[in-house]
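Grab a pencil and work through these exercises with the structure open beside you. Try each task yourself before you read the solution.

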Amino acid sequence: MSEQSNKPLVIGLAGFGTVGGGLARLLEENADLIRRRGGRDMIVKKVLVRHAGKARNVALPPGAELTTDPAALTDDPEIDVLVELMGGIEAPGKIIDRALDMGKHVVTANKALLAEKGLALLEKARDKDRILRYEASVAGAIPVVAALKESLAGNRIASLVGILNGTSNYILSEMTSNGLDFNVALKQAQELGYAEADPTLDIDGHDAAHKLTILIQLAYGAYYPFTAMPVRGIRGLSGMDIRLAREFGYRIKLIAQVRECDHQPGESPRLEAGVFPALVHHTLLLARVGGVYNAVRVESNAAGSLFFHGRGAGDLPTAGAVLADLVAVAREERPNNTGFVSPRLEAAAVVPPEEWRSCYYVRLMVDDAPGVLRDLAGCMADEGISLAQVIQKSDEGNGVPLVFMTHETTEEAMSRALQHSLDRGMLREPAVYFRVVG
Ligand code: NAP
Ligand code: HSE
């Protein structure tokens with residue numbers, strides 16, 4: 001280690017909210033451990049916030065100066081590393097860009113920024129030979145970024161299935177186990193500090209999609225354009241579907257999934273990726289991931305199946321991941337920002353969602369009359385869809401719920417069959433349908 005690297009690591013902390021406050025606490029509580037692991041002390045010199053006068057639950061790190069001026073961090077020659085924990089895209093993007101220009105290393109937990117604008121920042125970090133680390137950006141405390149970048153570098157990744165949004169998982173768990181109303185559960189998640197500043201990112205699936213975009217880069221060394229990713233969240237999900245899914249032995253989870261299709265050695269993989277609520281059989285570990293917990297299941301060609309589970313959000317769990325990145329910076333490790341050495345991440349070949357194959361849960365609200373089941377089954381058969389199980393429940397005021405569990409089919413065939421049923425007046429309202437994830 002050089003003489004320089006024995007000096008304290010000087011941090012510019014941009015953001016002092018849930019995660020920033022957690023980091024300040026951990027830097028104090030774990031100071032001895034940090035010194036032993038990183039070989040140096042860590043000092044926060046400046047803390048950037050939006051509202052300087054705001055009352056805060058956590059004290060500023062000793063000696064730190066509060067500022068509302070980003071340049072006070074980015075242009076301070078004594079600051080070695082910028083830690084960005086602000087959230088948003090434009091403002092943190094500019095601050096990180098400037099910090100890299102000024103020769104600083106960067107640690108961030110900002111998945112929205114990385115998914116939507118990360119390529120340019122990764123390229124700049126590479127050009128400037130700076131470390132850009134982002135362990136906390138995906139699945140909070142779960143060390144999945146390091147696992148894909150380092151521990152699994154010798155494995156080809158066949159698929160990756162995750163529960164990547166703690167807020168949605170908390171809401172679904174509360175609706176399933178305690179019968180809570182969607183909005184009540186969301187409010188609780190916000191009070192616990194799990195939700196994004198804009199919680200629509202959580203419940204509409206975009207936060208999970210941001211994280212999946214990052215995982216795809218780490219697993220395949222390819223960029224899956226965020227705007228091309230099919231994303232469906234849990235807004236409007238009905239308690240009726242949670243109950244009916246249970247009768248078939250399933251839980252409904254917000255799933256983020258990528259699968260490699262038609263793998264050809266030496267060629268870029270075609271990837272099938274998206275975020276959607278799905279049925280997961282109760283016997284699978286994924287179905288048992290409750291509350292704010294996250295999980296990632298990786299299928300790989302050497303290690304086989306791996307399952308990571310842990311807290312996906314919250315102050316200390318997330319701050320612990322940020323701190324691990326800071327320890328790597330303190331050690332002055334050689335930058336390994338993407339896990340791949342190629343100068344640019346190539347665009348992934350995308351499998352259109354219509355071609356995806358899976359089994360489905362389909363709920364139809366219908367008249368309780370002779371021939372209805374025959375006609376609906378006929379619409380499915382016309383598209384080559386084979387039914388695996390059927391149940392009908394009693395009248396809920398808007399017809400009777402009729403539920404099909406199907407064998408594997410394509411999204412295209414399923415949407416055509418359901419549109420045809422609706423057009424022929426067989427349904428009281430548009431069908432609700434979810435994939436089944438195995
Ligand atoms: P937060 O509680 O809302 O805190 C954001 C902090 O950044 C606040 O201190 C705020 O200042 C400051 N800030 C925001 N915009 C600013 C701007 N334009 N200029 C200066 N300061 C600004 O957010 P958080 O929950 O800690 O999340 C921080 C980041 O971590 C986000 O990218 C989030 O996605 C990510 N993350 C969060 C969690 C979690 O569990 N919360 C988990 C994983 C990743 P004021 O205090 O003055 O308002
Ligand atoms: N809002 C995010 C979640 C925080 O609920 O998972 C962690 O990234």
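**Exercise 1. Sort the shell around ligand 1 by class, then find out which residues are closest to the ligand and how much of the ligand is covered.**

*Solution.* Keep in mind that this is a predicted model.

Step 1: Sort by class. The shell around ligand 1 has ten nonpolar, nine polar and five charged residues.

Step 2: Pick out the closest ones. Of the 24 residues that surround ligand 1, the closest are Phe16, His51, Arg56, Glu196 and Gly314.

Step 3: Look for polar contacts with the backbone. A backbone N or O atom of His51 sits 2.7 Å from an oxygen atom of ligand 1. Phe16 has a polar backbone atom 2.8 Å from an oxygen atom of ligand 1, and for Val19 a polar backbone atom is also 2.8 Å from a ligand 1 oxygen.

Step 4: Check the cover. On its own, ligand 1 has 900 Å² of accessible area, and the protein covers 85% of that.

**Exercise 2. Do the job again for ligand 2: which side chains make polar contacts with its atoms, and which helices help to build its shell?**

*Solution.*

Step 1: List the neighbours. Ligand 2 is surrounded by 13 residues, and the closest are Lys111, Gly166, Thr167, Tyr194 and Glu196.

Step 2: Sort them. You get four nonpolar, four polar and five charged residues.

Step 3: Go through the side chains. Lys111 places a side-chain N or O atom 2.5 Å from an oxygen atom of ligand 2. Glu196 has a side-chain N or O atom 2.7 Å from a nitrogen atom of the ligand, and Asp202 likewise has one 2.7 Å from a ligand nitrogen.

Step 4: Work out the cover. Ligand 2 has 250 Å² of accessible area on its own, of which the protein covers 93%.

Step 5: Find the helices. Both α7 (166-178) and α10 supply at least two residues of this shell.

**Exercise 3. Find the residues that touch the most other members of the largest nonpolar core, and name the helix that gives this core its largest share.**

*Solution.*

Step 1: Start with some background: in soluble globular proteins, nonpolar side chains tend to be buried together.

Step 2: Find the best-connected members. The largest core has 80 residues, and Leu148, Leu160, Leu164, Leu212, Ile216 and Leu279 touch the most other members.

Step 3: Name the helix. Helix α10 (residues 206-220) gives the largest share, nine residues.

Step 4: Zoom in on Leu164. Skipping neighbours within four places in sequence, its contacts include Val138, Asp207, Leu212, Leu215 and Val296.

Step 5: Don't stop there. Another core of 30 residues lies apart from this one, with Leu9, Val83, Val322 and Ala330 among its members.

**Exercise 4. Is Val81 buried or exposed, and why?**

*Solution.*

Step 1: Locate the residue. Val81 belongs to strand β4 (residues 81-84).

Step 2: Apply the cut-off. Buried means under 20% relative accessible area. Val81 counts as buried because its relative accessibility is 0%.

Step 3: See what it touches. Beyond its neighbours within four places in sequence, Val81 is in contact with Leu9, Val10, His105 and Leu326, among others.

**Exercise 5. Describe helix α11: what caps its N-terminal end, which of its residues are buried, and what comes just after it?**

*Solution.*

Step 1: Begin at the N-terminal end. Ser238 is the cap, with a side-chain oxygen 2.9 Å from the backbone nitrogen of Met240.

Step 2: Move along the helix. In α11 (residues 239-247), the buried residues are Met240, Asp241, Ile242, Leu244 and Ala245.

Step 3: Step off the end. Gly249, just after α11, takes a positive phi of about 95 degrees.

Notes:
Residues numbered from 1 in each chain as written. Chains lettered and ligands numbered in written order. Predicted model: local features only at pLDDT ≥ 70, side-chain atom pairs only at ≥ 80, totals over all residues. Heavy atoms only, no water. Near = heavy atom within 4 Å. Polar contact = N/O pair within 3.5 Å; in protein donor to acceptor, adjacent residues only side chain to side chain. Areas by Shrake-Rupley, 256 points an atom, 1.4 Å probe, with all protein chains shown as cover. Nonpolar A, V, L, I, M, F, W, Y, C, P; charged D, E, K, R; others polar. Core = buried A, V, L, I, M, F, W, Y, C linked by side-chain atoms within 4.5 Å. Buried < 20%, exposed > 50% of the residue type's maximum accessible area, 1.4 Å probe, protein only. Helix = DSSP H or I, 4+ residues; strand = E, 2+ residues; numbered from the N terminus. Contact = heavy atoms within 4.5 Å.
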